[in-house]
Amino acid sequence: MRTLKYVRIDERLIHGQVLMKWLKERNLNRIVIVDDMLQENPIIQSVMRRSVPKECAMEVYSCSEAGEELRGQEMKAEALMLVRDLPVLRYLEEEGIRFEEINIARMPYSTGRDKICDQIYMDKGEQDMIRNYLRKGSEVYVQMVPDSEKRWLKDLLD
């Protein structure tokens, strides 16, 4: 089983907070995005790539590609992994990937989702997935930007 240090869940994927704050805070020069829709859209990928600093590599994988790629490669540099939602993490976990740290930034409201805290809504299945990650030892928290307070999901879901 392969363990990745840091993954961020944010339905927006790349945006100003990621580019201006998180890369700098974590001293990262690599972004790995796992998203089927983005993988299938070279135009949006191109726009995103142009927004990423020149010294930062950006890789985009579909879910099926990511499991194989991330399981097999030796990470040359620590990466900021971005995913749109929790089902992507479940898929990667089934492919043999574990997550040391899960930062949830934004999960918008939709029917059937309960408010966990500001900007975070989850249905019962998603809440159970988070509890599962917590039982396996992952740190799971909500934090929009590095200088804001972490809100630990273990406290929010009890």
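Arg 84 is partly exposed in this predicted model, because its relative accessible area of 24% lies between the limits of 20% and 50% that separate buried residues from exposed ones. The side chain of Arg 84 meets that of Asp 35 in a salt bridge, with 2.8 Å from N to O. Asp 35 sits in the loop between strand 2 and helix 2, while Arg 84 sits in the loop between strand 4 (80-83) and helix 5 (86-94), so the pair ties together parts that are 49 residues apart in sequence. Unlike its partly exposed partner, Asp 35 counts as buried, because its relative accessibility is 4%.

This pair is one example of a kind of contact that recurs in the model, where the count comes to 14 salt bridges. Side chains of opposite charge can pair when their charged atoms come close. Another such contact joins the side chains of Arg 113 and Glu 126, at 2.6 Å from N to O. Here Arg 113 belongs to the loop between strand 5 and strand 6, and Glu 126 belongs to helix 6 (residues 124-135), so that this salt bridge ties together parts 13 residues apart in sequence. Both Arg 113 and Glu 126 are buried.

Helix 6 takes part in a further link of this kind, since the side chains of Asp 114 and Lys 124 also meet in a salt bridge, at 3.0 Å from N to O. Asp 114 lies in strand 6 and Lys 124 in helix 6, 10 residues apart, and the pair links distant parts of the chain. Asp 114 counts as partly exposed because its relative accessibility is 34%, whereas Lys 124, at 54%, counts as exposed. Salt bridges can also be joined into a network, as they are among Lys 5, Arg 26, Glu 100 and Glu 101.

Glu 101 leads from the charged contacts to the sheet, for this residue of strand 5 is the bridge partner of Tyr 6. Strand 1 (residues 2-10) and strand 5 pair in the parallel sense, and eight bridges connect them. Strand 5 (residues 97-106) also runs parallel to strand 8 (residues 139-142), to which four bridges join it, and within this pairing Asn 103 has Tyr 141 of strand 8 as its bridge partner. Strand 8 in turn runs antiparallel to strand 9 (residues 151-152), with two bridges between them.

These pairings belong to an open sheet of seven strands, in which the order is 3-2-4-1-5-8-9 and the pairing is mixed. The edges of the sheet are formed by strand 3 (57-61) and strand 9, each of which pairs on one side only. In a regular strand the side chains alternate between the two faces of the sheet.

Val 142 offers a useful point from which to look across the model. This residue lies in strand 8 and stands opposite Arg 151 in strand 9. Val 142 is buried, because its relative accessible area is 6%. Between the C-alpha atoms of Val 142 and Pro 42, which are 100 residues apart along the chain, the separation is 30 Å.

On the surface, Ile 43, Ile 44 and Val 47 form a nonpolar patch whose accessible area together is about 280 Å². Val 47 is found in helix 3 (residues 42-51), and this residue is partly exposed because its relative accessible area is 47%. A second surface patch is negative, and is formed by Asp 36, Glu 40, Glu 65, Glu 68 and Glu 69. Its largest share, three residues, comes from helix 4 (residues 63-72). Asp 36 is found instead in helix 2 (residues 36-39) and counts as partly exposed, because its relative accessibility is 36%.

Two loop residues remain to be visited for their backbone angles. Most residues other than glycine have a negative phi. Asn 27, although not a glycine, has a positive phi of about 50 degrees, and it lies in the loop between helix 1 (16-25) and strand 2 (30-34). With a relative accessibility of 70%, Asn 27 counts as exposed. Gln 119 is likewise not a glycine and has a positive phi, here of about 70 degrees. The place of Gln 119 is the loop between strand 6 (114-117) and strand 7 (120-122), where the residue is partly exposed, with a relative accessible area of 38%.

Terms used. Residues are numbered from 1 along each chain as its sequence is written. This is a predicted model: local features need pLDDT of at least 70, side-chain atom pairs count only at pLDDT 80 or more; totals for chains, interfaces and linings use all residues. Side-chain values use heavy atoms; hydrogens and water are left out. Patches are made of residues with over 30% relative accessible area and no salt bridge: like charges are joined within 9 Å, nonpolar side chains (Val, Leu, Ile, Met, Phe, Trp, Tyr) within 5 Å. Accessible areas come from the Shrake-Rupley method with a 1.4 Å probe; for residues, only the protein chains shown count as cover. A salt bridge is a side-chain nitrogen of Lys or Arg within 4 Å of a carboxyl oxygen of Asp or Glu. Lys and Arg count as positive and Asp and Glu as negative; His and the chain ends are not counted. The place of a charge is taken as NZ of Lys, CZ of Arg, CG of Asp or CD of Glu. Buried means under 20% relative accessible area, exposed over 50%, partly exposed in between (1.4 Å probe, protein chains only). Two strands pair if DSSP finds at least two bridges between them.
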